[in-house]
Amino acid sequence: MAGGQPPTVVGTPSLSHSNTEFSPLNPNIATNIVNPTPYPINFANTVKPNTPNNLADPIPMKPITFIHGEPRIIWTTDEVERMNILENLQYAVVGKFSYGWLDMEELRKLIPSQCGIKGECQIGFFLNRHVLIRLTLMEDFVNLTSRGAYFITDKEGYSYQMRPLIYDSLFKVDEETTNAMAWISFPNLLPTYFGKESLFSLAAAVGKPLHLDLAMINKTRPSCAKVKVLVDLLADA
């Protein structure tokens, strides 16, 4: 009783537990609930590029090797991906004009505005009525390649069809690309598995997952999950 202490009960052992038996609560849990994300979740925030710094390291010079007497230089798949990043080609699109086209300077002005490109881009002549469009935002890459064709209209009202083709290191002007954008859905999937990592893991069985649709991001449609993927139409099933 002295000093304001409670009386000791005889025969009752004191209970003490170390932190190793009961781990402390994570203080960030309460903080995240009280202070939610200060900016709204939207499509642009979910498709920002997340490229590790080491992918942009320069590629060292390669030695020449000989195969059946012919000189060859061999790059790995990872090295080719790094070269695409160094040349700003990871979000590159080829615009194909099959029925005539405009002057290049005019195309540089019209394509961004008429195709809804939000970020910076570089447009240059490629080959045989093809232009190479180097985009800086994945959002623009997804949107631009999600449509089958665009009609670029000049100041006199004439329209020129442009088909967006996905560029890669094996692109050939005289062949149709086998890559395409597609939505895949999981109508019977429980909302427990609606996280980005879970859905991307499932969608990887079809193609390269790119992003979730807006209803998934805002969690307003628990009945069906949708993911946009980049599909190689000639890949093995």
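**Close-up 1. Gly95 and its partner across strands β3 and β5.** In this predicted model, Gly95 has Val131 of β5 as its bridge partner. The two strands that hold this bridge, β3 and β5 (residues 130–135), pair in the antiparallel sense, and 5 bridges connect them.

**Close-up 2. Val93 and its partner across strands β3 and β7.** Here the residue standing opposite Val93 is Ile166, which belongs to β7. Strand β7 spans residues 159–166, and its pairing with β3 is likewise antiparallel, extending over 4 bridges.

**Close-up 3. The two faces of strand β3.** In a regular strand the side chains alternate between the two faces of the sheet. Along β3, one side carries Ala92, Val94 and Lys96, while Val93 and Gly95 lie on the other, and each of these residues is buried, with the result that both faces are covered. Because 5 of the 5 residues of β3 (residues 92–96) are buried, that is, under 20% relative accessible area, this strand is largely enclosed by the rest of the structure.

**Close-up 4. The whole protein chain as the setting for these views.** The protein chain, whose secondary structure comprises 7 helices and 10 strands, has 237 residues, of which 31% are buried. When contacts between residues at least 6 apart in sequence are considered, 58% of them join residues at least 24 apart. The surface that the chain exposes comes to about 16400 Å², with carbon and sulfur atoms supplying 56% of that area.

Notes. Residues numbered from 1 in each chain as written. Predicted model: local features only at pLDDT ≥ 70, side-chain atom pairs only at ≥ 80, totals over all residues. Heavy atoms only, no water. Buried < 20%, exposed > 50% of the residue type's maximum accessible area, 1.4 Å probe, protein only. Contact = heavy atoms within 4.5 Å. Areas by Shrake-Rupley, 256 points an atom, 1.4 Å probe, with all protein chains shown as cover. Pairing = 2+ DSSP bridges.
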